[in-house]
Amino acid sequence: MNNSNKSANLKEKLKQALTSTVKVISEDFKKNNKNNESKNDLNFFEIDKLNTKGDFIKARADSDSAALKKKFSNNDIFKRNTPRNSSCKTLYTIAEKIRYESLGGNMLKGIRKNFKNNYAEMINLKKKDKLSTKEDVSVNEAFELYMIKNFHEVELNSLTSKMLNFWEND
């Protein structure tokens with residue numbers, strides 16, 4: 001078996017493993033949904049773009065998040081309570097995502113570890129050319145950092161701490 005066949009085989013096995021994990025976590029064991037909804041829900045990452053350890057960490061966290069959204073979030077309730085203001089809508093969406101991820105992380109240590117690793121990676125990749133005032137950091141970015149720090153217990157680095165500090169009192 002040559003390297004490209006090995007790689008394709010490995011990627012297919014990874015896709016099957018992540019798909020199975022999503023089904024188990026979300027408790028969605030239906031083989032075929034009328035609208036193929038279950039199959040489409042699992043297309044949240046592109047298997048061919050998994051080239052680094054960070055890509056793999058993100059794929060695992062994204063698959064866990066998608067499964068937990070399916071398990072713990074009710075789309076009708078979410079839509080009914082969604083604020084009309086676009087800024088508030090974004091904060092509401094971030095809070096909902098962290099809520100269902102926290103529920104899953106409290107249930108299973110592996111999920112908590114996947115989120116912690118993914119958010120730590122995300123924090124370490126953050127770059128800001130200019131960071132001197134509150135206007136240099138969006139409220140959405142600061143709110144997400146606040147939620148990650150407090151609900152996923154991810155340690156912020158000096159840059160992200162500074163970003164959060166501009167908004168923390170608000």
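**A colleague's notes on the aromatic pair, helix H6 and two loop residues**

1. Phe78 is buried, its relative accessible area being 19%, which falls under the 20% cut-off. Please keep in mind as you read that this is a predicted model. Tyr92 has a relative accessibility of 23% and so counts as partly exposed.

2. These two residues belong together. A pair of aromatic rings is described by the distance of the centres and the angle of the planes. The ring centres of Phe78 and Tyr92 are 4.8 Å apart and the planes meet at 20°, so this pair is stacked; the cut-off for stacking is under 30 degrees. The count of aromatic pairs comes to one.

3. Where in the chain do the two partners of the pair sit? Phe78 is in helix H4 (residues 75-81), while Tyr92 belongs to helix H5 (residues 86-107). With their positions 14 residues apart, the pair links distant parts of the chain.

4. Another ring worth a look is that of Trp167. Lys134 lies over its face, at 4.4 Å from the ring centre.

5. Now to helix H6, which covers residues 109-125. Its 17 residues, at 1.5 Å a residue, should span 24 Å, and the C-alpha atoms at its ends are 24 Å apart, so expectation and model agree.

6. Which residues of H6 are buried? They are Ile111, Asn114, Phe115, Asn118, Tyr119 and Ile123. These buried residues cover an arc of only 160° around the axis, which means that they lie on the same side of H6. The face turned away from that buried side carries Lys109, Lys113 and Asn124, which are exposed.

7. What covers the buried residues of H6? The cover includes helix H1 (3-26), helix H3 (53-72), H5, helix H7 (139-151) and helix H8 (158-167). You have met H5 already, as the helix that holds Tyr92.

8. Finally, a word on backbone angles. Most residues other than glycine have a negative phi. Glu27 is not a glycine, yet its phi is positive, at about 60°. You will find Glu27 in the loop between H1 and helix H2 (37-41), and its relative accessible area of 52% makes it exposed.

9. Glu153 also deserves a glance: this residue, other than glycine, has a positive phi near 55°. Glu153 sits in the loop between H7 and H8. Is Glu153 buried or exposed? At 57% relative accessibility, Glu153 counts as exposed, because the cut-off for that class is over 50%.

Terms used. Residues are numbered from 1 along each chain as its sequence is written. This is a predicted model: local features need pLDDT of at least 70, side-chain atom pairs count only at pLDDT 80 or more; totals for chains, interfaces and linings use all residues. Side-chain values use heavy atoms; hydrogens and water are left out. Rings of Phe, Tyr and Trp (its six-membered ring) pair if their centres lie within 6.5 Å; planes under 30 degrees apart count as stacked, over 60 as edge-to-face and the rest as tilted. Helices (H or I, at least four residues) and strands (E, at least two) are DSSP runs, numbered from the N terminus. Buried means under 20% relative accessible area, exposed over 50%, partly exposed in between (1.4 Å probe, protein chains only). A charge sits over a ring if NZ of Lys or CZ of Arg is within 6 Å of the ring centre and within 35 degrees of the ring normal. The expected span of a helix is 1.5 Å times one less than its number of residues. The arc is that of the directions from the helix axis to the C-beta atoms. Contact means heavy atoms within 4.5 Å.
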